[in-house]
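These are my notebook entries, written while I looked through one structure. I begin with a pair of strand residues and work outwards from there.

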Amino acid sequence: MTSSPQDTDLADRTTEQGKRVLLAKPRGYCAGVDRAVITVEKALETYGPPIYVRKEIVHNRHVVDTLRERGVIFVDETDEVPEGALVVFSAHGVSPAVHEEARRRNLRTIDATCPLVTKVHKEVNRFARDDYDILLIGHEGHEEVEGTSGEAPERVQLVDKPEDVEKVEIRDPSKVVWLSQTTLSVDETMERVDQLKERFPDLQAPPSDDICYATSNRQYAVKAMAPECDLVIVVGSQNSSNSKRLVEVALQAGASDAHLVDYAAQIDEKWLEGVTTVGVTSGASVPDVLVMQVLEHLSERGWNQVDEVTTANEKVTFALPRELRKDLKENPDAPKSVR
Ligand code: SF4
């Protein structure tokens, strides 16, 4: 599903003197986030508040705050949800143990796990069934990694930092596979794979890319514009893995400076000193309204020219969770989606 960078025409772009903004496309909401947010909104509309959501439905402060105002109660664990109540599982996925706990407590559940995360869960199950050791490249403590590892905890070993490669213990070097979190840096993941291959030459690759189309596409777009940027502003939250990776990719690809902000108001005036070209992008959990506010903020400071740098056109959509679809009813007074 990864789209290759197309000709972005950067070389032909007018390099006139003066301030300008390069706006990455694709940016912002991916299909999995869109589905998860709409799931919670439709659940509110169909069943009425309160709706419980385990963890942040997506890693974005604005989205979470807006849904909280509409009657969503975010909890860390299912044991905080009253018996028999409705709980939505977030886009990052949950382990079978969480499903089991919800069943035990008689909770009604809607699973908003992104289908591309579910795909990785299925790969873990398949390789565990075939008695492989599974090396999961990902960030320790991230919810997605906890959910994915939880599919076969006895077979999965997490590889996060370079030094983790030496700690891996394998039973049979001919039966070892690497899988990954969906929101990693494409380049760093391949570095980790190369390291692992030095220890395990027969290491198998995932049947298809685990880093999802949205993560890869946003990184390609940033790479295309970064060499021209004195500063790249990534809109996204501190706990958003794919947003943080965009800052790193921007710097690695040649941007002189790059920062992550939740809101326009967090842009430090000092970052803008001596800057001509500002690149702007956003993580996969960020509504575009926040990017528009950043553009407005920059426009008020003289960055009026905005050129979009397009490296892919995304058309991916996912159907809403089955548990919700069966109960959906039209409500003309439904709130607008958080966008
Ligand atoms: S970033 Fe990728 S895996 Fe995560 S929700 Fe979006 S599409 Fe799904």
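I looked up the partner of L135 and found that it stands opposite W178 in strand 8. I keep in mind that this is a predicted model, in which local features need pLDDT of at least 70, side-chain atom pairs count only at pLDDT 80 or more, and totals for chains, interfaces and linings use all residues. Residues are numbered from 1 along each chain as its sequence is written. Strands (E, at least two residues) and helices (H or I, at least four) are DSSP runs, numbered from the N terminus.

Next I followed the two strands: strand 6 (residues 133-137) and strand 8 run parallel and are joined over five bridges, where pairing requires that DSSP finds at least two bridges between two strands. I then asked how strand 8 (residues 176-180) is covered, and five of its five residues are buried, meaning that 20 or more other C-beta atoms, placed from the backbone, lie within 10 Å of a residue's own (12 or fewer would make it exposed, and anything in between partly exposed). V176, W178 and S180 point one way from this strand, whereas V177 and L179 point the other way.

I widened the view to the sheet, which is open and has three parallel strands in the order 7-6-8. Strand 7 (156-159) and strand 8 are at its edges with a single partner strand each, so one side of each has no neighbour in the sheet. Neighbouring strands are turned by 30° against each other on average, direction ignored; axes here are lines fitted to C-alpha atoms, for helices over the stretch in contact, and angles run from 0 to 180 degrees between N-to-C directions. Helix 4 (residues 115-129) lies across strand 6, strand 7 and strand 8, at about 170° to strand 8.

I turned to the other sheet, where five strands lie in the order 10-9-11-1-12, again open and parallel. Strand 10 (258-261) and strand 12 (305-310) form the edges, each pairing on one side only. The twist from one strand to the next averages 25°. Strand 1 (residues 20-25) is joined to strand 12 by six bridges, and A24 has V309 as its bridge partner there. Helix 9 (residues 241-252) packs on this sheet, touching strand 9 (231-235), strand 10 and strand 11 (277-282), with contact meaning C-beta atoms, placed from the backbone, within 7 Å.

I then looked for nonpolar cores, each a set of buried Ala, Val, Leu, Ile, Met, Phe, Trp, Tyr and Cys residues joined through C-beta atoms within 7 Å. The largest has 57 residues, and those with the most contacts inside it are A36, V40, I57, V88, I134 and L136. Helix 1 (residues 31-47) gives the largest share of this core, seven residues. Leaving out residues up to four places away in sequence, I57 touches ten listed residues, among them A36, V40, V88 and A112. A second, separate core of 34 residues includes L23, A226, V232 and V286.

Last, I noted the domains, whose bounds come from an automatic or database domain assignment: domain 1 (20-30 + 212-310), domain 2 (31-113 + 319-325) and domain 3 (116-199). The C-alpha centres of domain 1 and domain 2 lie 29 Å apart, and 11 residues of domain 1 are in contact with 10 residues of domain 2.

Key. Two residues are in contact if their C-beta atoms, placed from the backbone, lie within 7 Å.
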